[in-house]
Amino acid sequence: GIGEGGGASTHRLAKRRIFETVDGTTRIYAMPFTTKSTMWQLSFPYSEEAARALVKDKATLKAEILKRCGQWHEPIPSLLRNTHSL
């Protein structure tokens, strides 16, 4: 799996709670990191060679993450959009 980041969300699922969502292929796990931020980890099947290239290009990595999860239930899309460091 690839992808780790952090972002802010005011949604009740992201407030001092651990949650995860899985669609059968892609899984996101999120938990509080500080009182104002949430840490998340995304896992999905990807070849090792392609993953090594993907993590070197942060814009392409974020685009892939949003393609996979950008339409999921809140707070996932807003959490991902508000993530500034991957």
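# A walk through strands, core and contacts

User: Let's start with the strands: which residue in E4 stands opposite Ile28?

Analyst: Keep in mind that this is a predicted model. Strand E3 covers residues 27-32, and its pairing with E4 is antiparallel, over 6 bridges. One of the facing positions puts Ala30 opposite Trp40. For Ile28, the residue standing opposite in E4 is Leu42.

User: How many residues does the hairpin use to get from E3 to E4?

Analyst: E3 spans residues 27-32, while E4 takes up residues 38-43. A hairpin links these two strands, and the number of residues it goes through is 5.

User: Which side chains of E4 point to the buried face?

Analyst: In a regular strand, side chains take turns between the two faces of the sheet. E4 shows that alternation, with Met39, Gln41 and Ser43 on the face that isn't buried. Pointing the other way, and buried, are Thr38, Trp40 and Leu42.

User: What about E2: which residue in E3 does Glu20 stand opposite?

Analyst: E2 runs over residues 19-22 and is antiparallel to E3, with 4 bridges joining them. Within that pairing, the residue in E3 that stands opposite Glu20 is Tyr29.

User: And which residue forms a salt bridge with Glu20?

Analyst: Glu20 has a relative accessible area of 47%, so it counts as partly exposed. Its partner is partly exposed too, at 26%. The two side chains meet with N and O 2.8 Å apart, and that partner is Arg27.

User: In the hairpin of E2 and E3, where does phi turn positive?

Analyst: Most residues other than glycine have a negative phi. This hairpin has 4 residues between its strands, and one of them takes a positive phi near 105 degrees. That residue is Gly24.

User: There's a cis peptide bond before Pro75, so which residue is joined to Pro75 by it?

Analyst: Most peptide bonds are trans. Pro75 sits in the loop between H2 and H3, the latter being residues 76-81. The bond leading to Pro75 is cis, with omega at about 15 degrees, and the residue on its other side is Glu74.

User: How many residues make up the largest nonpolar core?

Analyst: Nonpolar side chains tend to be buried together in soluble globular proteins. Here, the residues with the most contacts inside the core are Ile28, Trp40, Leu42, Ile65, Cys69, Ile76 and Leu80. At least two core residues come from each of E3, E4, H2 and H3. The core's total is 14 residues.

User: What kind of aromatic pair do Phe44 and Tyr46 form?

Analyst: Searching the whole structure turns up 1 aromatic pair. Phe44 is buried, at 4% relative accessible area, while Tyr46 is partly exposed, at 33%. The ring centres are 5.4 Å apart and the planes meet at 90 degrees; since an angle over 60 counts this way, the pair is edge-to-face.

User: How far apart along H1 are Glu48 and Arg52?

Analyst: Both residues are exposed, and a salt bridge joins them with the closest N and O atoms 2.5 Å apart. They belong to helix H1, residues 48-54, with about one helical turn separating them. Counted along the helix, Glu48 and Arg52 are apart by 4 residues.

User: Is Glu64 buried or exposed?

Analyst: Glu64 takes part in a salt bridge network with Lys67 and Arg68. The Lys67 and Glu64 side chains come within 3.4 Å, N to O, and these two residues are 3 apart in helix H2. Lys67 is exposed, at 65% relative accessibility. Glu64, by contrast, has a relative accessible area of 10%, and being under 20% it counts as buried.

User: One more on H2: which side chain makes a polar contact with that of Thr60?

Analyst: Thr60 belongs to H2, which covers residues 58-69. At 38% relative accessible area, Thr60 is partly exposed. The contact is 2.6 Å, and the partner side chain belongs to Asp57.

Note on methods:
Residues are numbered from 1 along each chain as its sequence is written. This is a predicted model: local features need pLDDT of at least 70, side-chain atom pairs count only at pLDDT 80 or more; totals for chains, interfaces and linings use all residues. Side-chain values use heavy atoms; hydrogens and water are left out. Buried means under 20% relative accessible area, exposed over 50%, partly exposed in between (1.4 Å probe, protein chains only). A polar contact is a pair of N or O atoms within 3.5 Å; within protein, one must be able to donate a hydrogen and the other to accept it, and residues adjacent in sequence count only if both atoms are side-chain atoms. Two strands pair if DSSP finds at least two bridges between them. A nonpolar core is a set of buried Ala, Val, Leu, Ile, Met, Phe, Trp, Tyr and Cys residues joined through side-chain atoms within 4.5 Å. Rings of Phe, Tyr and Trp (its six-membered ring) pair if their centres lie within 6.5 Å; planes under 30 degrees apart count as stacked, over 60 as edge-to-face and the rest as tilted. A salt bridge is a side-chain nitrogen of Lys or Arg within 4 Å of a carboxyl oxygen of Asp or Glu.
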